[in-house]
Structure formats: C-alpha cells, structure tokens
Amino acid sequence: MSNDISLLRQAFVSQRQFYDDQNFPRGFGRSGNFTLLEASILEQHGVVLKGLYNKTLEPQNEIQEQFFAVVSGNQEPTNAIERAWIKYLKLTTCKAKFHTLFGRSKISSPGLQNPDYYSGSDSL
C-alpha cells in the first residue's frame, strides 16, 4: 500500500471541514497536541474518518477499507491519516491523567521540634 499523502488525501475527500469544539475549542492546530500535518488531515478529512469510525459510512475504496481495519483494531496504523485519527481517538476517548506536584503525605515542618531547646531565660 502506498503511503503517498496526496493519494491518501484523495481517498478521503470531504466537502466539509471537521471541527471538534467540545474537545478542541481553539482548533486542532492551536491545541498543541497535533503537528501541522495531523491538524490539516483532521480538519480536511475528519468528517469521512468519523463516518467510517462510527460505521455511518461504508468504505468506498481499498484505502478506506484498510482504515476501517485499523480503527477496528485488526491492523496497526501504517500511514499518516491512520496515525492522526488514532492519536485523535486517544486524546478524546481515553481518560485524562492528572498529575500534581502535591502529594498526600504531610511533611513535618522544620520549625520547633524540641521544646527543651529554648530555655526560660530566652525572651523576645
């Protein structure tokens, strides 16, 4: 199978651009999660890709059939369009992990540890 991007783009032609304002309100390119090529692929071909993924569209050619096999989990992604869609799915369907700099354990303060350290003659 050829990985030429122009042939791949012709296989997934769409009349509308794809937007996901719920997950990427500023667009795919400005989200920081996608390269320029991946953002372009999702915007220009996302309607067809989503239709194939949701099974509302039937595969029309060999490249679309391969894409359907990839999103079904039967094959590994081999081209830029398949990799971009799999990356999109991972970012939108997987639960986000939240990392914090604060832990649950309490750190003891380095302050007054021993009350015997101060004598009664110390005054402020």
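This report walks through the helices of a predicted model, the way they pack, and a few residues worth finding in the viewer.

## The overall layout

Let's start with the whole chain. The protein chain has four helices and zero strands, and read along the sequence it follows the pattern α-α-α-α. Of its 124 residues, 29% count as buried. Among contacts between residues at least 6 apart in sequence, 61% join residues at least 24 apart.

## How the helices pack

Two packed helices are described by the angle between their axes and the distance between the axes. Here are three helix pairs to look for.

| Helix pair | Angle between axes | Distance between axes |
|---|---|---|
| α2 and α4 | roughly 80° | within 9 Å |
| α3 and α4 | about 30° | 10 Å |
| α2 and α3 | roughly 60° | within 10 Å |

Take α2 and α4 to begin with. Helix α2 covers residues 36-53 and helix α4 covers residues 80-93, and their axes cross at roughly 80°. Because angles from 65 to 115 degrees count as roughly perpendicular, α2 is roughly perpendicular to α4. On the α2 side, the contact is made by Leu37, Glu38, Ile41, Leu42, Gly46, Leu49, Lys50 and Tyr53. On the α4 side, Ala80, Ile81, Ala84, Trp85, Lys87, Tyr88 and Leu89 take part. The residues of this contact divide into 11 nonpolar, one polar and three charged.

Next come α3 and α4. Helix α3 spans residues 62-72 and packs against α4 at an angle of about 30°. That angle makes α3 roughly parallel to α4, and the crossing of α3 and α4 is right-handed. Here Gln66, Phe67, Val70 and Val71 in α3 meet Glu82, Trp85 and Ile86 in α4. The residues of the contact of α3 with α4 divide into five nonpolar, one polar and one charged.

How do α2 and α3 lie relative to each other, and which residues of these helices make the contact? The axes of α2 and α3 cross at roughly 60°, which makes α2 oblique to α3. The crossing of α2 and α3 is right-handed. Val48, Leu49, Leu52 and Tyr53 of α2 make the contact with Gln64, Phe67, Phe68 and Val71 of α3. The residues of the contact of α2 with α3 divide into seven nonpolar, one polar and no charged.

## The aromatic rings

Now let's turn to the ring-bearing side chains. A search of the whole structure finds 11 aromatic pairs. One of them joins phenylalanine 24 and phenylalanine 34, with 5.4 Å from centre to centre and 65° between the planes, an edge-to-face arrangement. Phenylalanine 24 and phenylalanine 34 both lie in the loop between α1 (5-11) and α2, so the pair ties together parts that are 10 residues apart in sequence. Is phenylalanine 24 buried or exposed? Phenylalanine 24 is buried, and so is phenylalanine 34.

These two residues also belong to a wider group: Phe18, Phe24, Phe28, Phe34, Tyr53, Trp85 and Tyr88 form one aromatic cluster. Some of its members have already appeared above: Tyr53 of α2 and both Trp85 and Tyr88 of α4 are part of the contact between α2 and α4.

## Three loop residues to find

Phenylalanine 12 lies in the loop between α1 and α2. Its relative accessibility is 2%, so phenylalanine 12 counts as buried. Phenylalanine 12 and glycine 46 are 34 residues apart in sequence, and their C-alpha atoms are 8.6 Å apart in space. Leaving aside neighbours within four places in sequence, phenylalanine 12 is in contact with His45, Val48, Leu49, Leu52, Ile63, Gln64, Phe67 and Ile81.

Asparagine 61 sits in the loop between α2 and α3. Asparagine 61 is partly exposed, with a relative accessible area of 26%. Asparagine 61 and alanine 11 are 50 residues apart in sequence, with 7.2 Å from C-alpha to C-alpha.

Lysine 55 also lies in the loop between α2 and α3. With 60% relative accessibility, lysine 55 counts as exposed. The phi angle of lysine 55 is near 65°, a positive value in a residue other than glycine.

Notes. Residues are numbered from 1 along each chain as its sequence is written. This is a predicted model: local features need pLDDT of at least 70, side-chain atom pairs count only at pLDDT 80 or more; totals for chains, interfaces and linings use all residues. Side-chain values use heavy atoms; hydrogens and water are left out. Axes are lines fitted to C-alpha atoms, for helices over the stretch in contact, and angles run from 0 to 180 degrees between N-to-C directions. Helices (H or I, at least four residues) and strands (E, at least two) are DSSP runs, numbered from the N terminus. Angles under 35 degrees count as roughly parallel, over 145 as roughly antiparallel, 65 to 115 as roughly perpendicular and the rest as oblique. Contact means heavy atoms within 4.5 Å. Ala, Val, Leu, Ile, Met, Phe, Trp, Tyr, Cys and Pro count as nonpolar, Asp, Glu, Lys and Arg as charged, and the others, Gly among them, as polar. Rings of Phe, Tyr and Trp (its six-membered ring) pair if their centres lie within 6.5 Å; planes under 30 degrees apart count as stacked, over 60 as edge-to-face and the rest as tilted. Buried means under 20% relative accessible area, exposed over 50%, partly exposed in between (1.4 Å probe, protein chains only). A crossing is left-handed if the near helix is turned anticlockwise from the far one by less than a right angle, and right-handed if clockwise.
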